[in-house]
Amino acid sequence: VELTPDNAQGYLNLGAAQSGREDWDAAEKAWLRALQLDPQNFAVLSNLGRVYLDRGQNAQAIEMYRRSLALNNRGYRGWGQLGRAYLRIGDLSHAHEALAEALKAIDAEIKINPKISTVYSSQAYYRALMGQKDYAVSLATALELAPDNGDVLERAAEAYAIAGERQRAEE
């Protein structure tokens, strides 16, 4: 970015490096600069959405995720994160709409590759967020495919906790 200060990709990468160091303020600053240079950058919008969601800045997270989904609405993660942000502000109607879109995108992804454990664990997590009891079926599949995968185990714990199964969540 010192050599090409008008390079949005450079600021996107700088923000990614800063987030890897867990310096969220510096990451946000770099991504905001990237967004100034390229307001239609899907990755920048998604990254900012995640920072804002993690900080509890839900209105800003919703704005970033909606903007990113306007550019590319096929990925389940953006829909899922948008649903989480709506849940945090108590907007159940919009949350369920977004989570339903996430689940549709997951179904499409499973048809392409039915062996990705993290897709099943995300499916279970989103179903649990929606209060669907069938979350356990997806979770069982994820754990069968990758019983030692940290991401799968984290989502399993979250899904169990959301569903009120504290003992299983702790395990």
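**Exercise 1. Place Arg67.** Is Arg67 buried, partly exposed or exposed?

Solution. Arg67 is partly exposed, with a relative accessible area of 30%. The cut-offs are under 20% for buried, over 50% for exposed and in between for partly exposed, with a 1.4 Å probe and protein chains only. This is a predicted model, in which local features need pLDDT of at least 70, side-chain atom pairs count only at pLDDT 80 or more, and totals for chains, interfaces and linings use all residues. Residues are numbered from 1 along each chain as its sequence is written, and side-chain values use heavy atoms, with hydrogens and water left out.

Next, find the element. Arg67 sits in helix H4. Helices are DSSP runs of H or I with at least four residues, numbered from the N terminus.

Then list the contacts, meaning heavy atoms within 4.5 Å. Leaving aside neighbours within four places in sequence, Arg67 touches Leu35, Pro39 and Leu45. A polar atom of the Arg67 side chain lies 3.4 Å from the backbone oxygen of Pro39. Leu37 and Arg67 are 30 residues apart in sequence, and their C-alpha atoms are 16 Å apart.

**Exercise 2. Check H4.** Find its span, then its buried side.

Solution. Start with length. The 14 residues of H4 should span 20 Å at 1.5 Å a residue, and the end C-alpha atoms are 20 Å apart, which agrees. The expected span is 1.5 Å times one less than the number of residues.

Now list what is buried in H4: Asn58, Ala61, Ile62, Met64, Tyr65, Ser68 and Leu69. They cover an arc of only 170 degrees around the axis, which puts them on the same side of H4. The arc is taken from the directions from the helix axis to the C-beta atoms. An α-helix has 3.6 residues a turn, so residues three or four places apart point the same way.

Turn to the other face. Exposed Ala59 and Ala70 are carried on the face of H4 turned away from its buried side. The buried residues of H4 pack against H2, H3 and H5.

**Exercise 3. Describe H5.** How many of the 13 residues of H5 are buried?

Solution. Ten of the 13 are buried, and H5 is mostly covered. Among them are Tyr76, Trp79, Gln81 and Arg84. The buried residues of H5 pack against H3, H4, helix H6 (92–112) and H7. For length, H5 reaches 18 Å from its first C-alpha to its last, close to the 18 Å expected. After H5 comes Gly90, with a positive phi near 80 degrees.

**Exercise 4. Compare two serines of H7.** Give the burial and contacts of Ser117 and Ser122.

Solution. Take Ser117 of helix H7. Ser117 counts as buried at 9% relative accessibility. Beyond neighbours within four places in sequence, Ser117 is in contact with Ala142, Leu145, Ala146, Asn149 and Val152.

Ser122 is also placed in helix H7. Ser122 counts as buried at 8% relative accessibility. With neighbours within four places again left aside, Ser122 contacts Tyr76, Ile106 and Arg155.

**Exercise 5. Read H9.** Which residues of H9 are buried?

Solution. The buried residues of H9 are Val152, Ala156, Ala159 and Tyr160. Down the axis of H9, its buried residues fall within an arc of 95 degrees, so they line one face of the helix. What covers them includes helix H7 (117–129), helix H8 (135–145) and helix H10 (166–170).

Look at the two ends. At the start of H9, a side-chain oxygen of Asn149 comes within 2.8 Å of the backbone nitrogen of Asp151. Just after H9, Gly164 has a positive phi of about 85 degrees.

**Exercise 6. Map the largest pocket.** How many residues line the largest pocket, and which lie nearest its centre?

Solution. The lining has 28 residues, and Arg50, Arg77, Gln81, Tyr126 and Arg155 lie nearest the centre. Now sort the lining by helix. At least two lining residues come from each of H2, H3, H4, H5, H7 and H9. H3 gives the largest share, six residues. A pocket here is an open set of points on a 1 Å grid over the protein atoms alone, where a 1.4 Å probe fits, with protein on both sides within 12 Å along at least five of seven lines; lining residues have an atom within 4 Å of a point.

Key. Polar contact = N/O pair within 3.5 Å; in protein donor to acceptor, adjacent residues only side chain to side chain.
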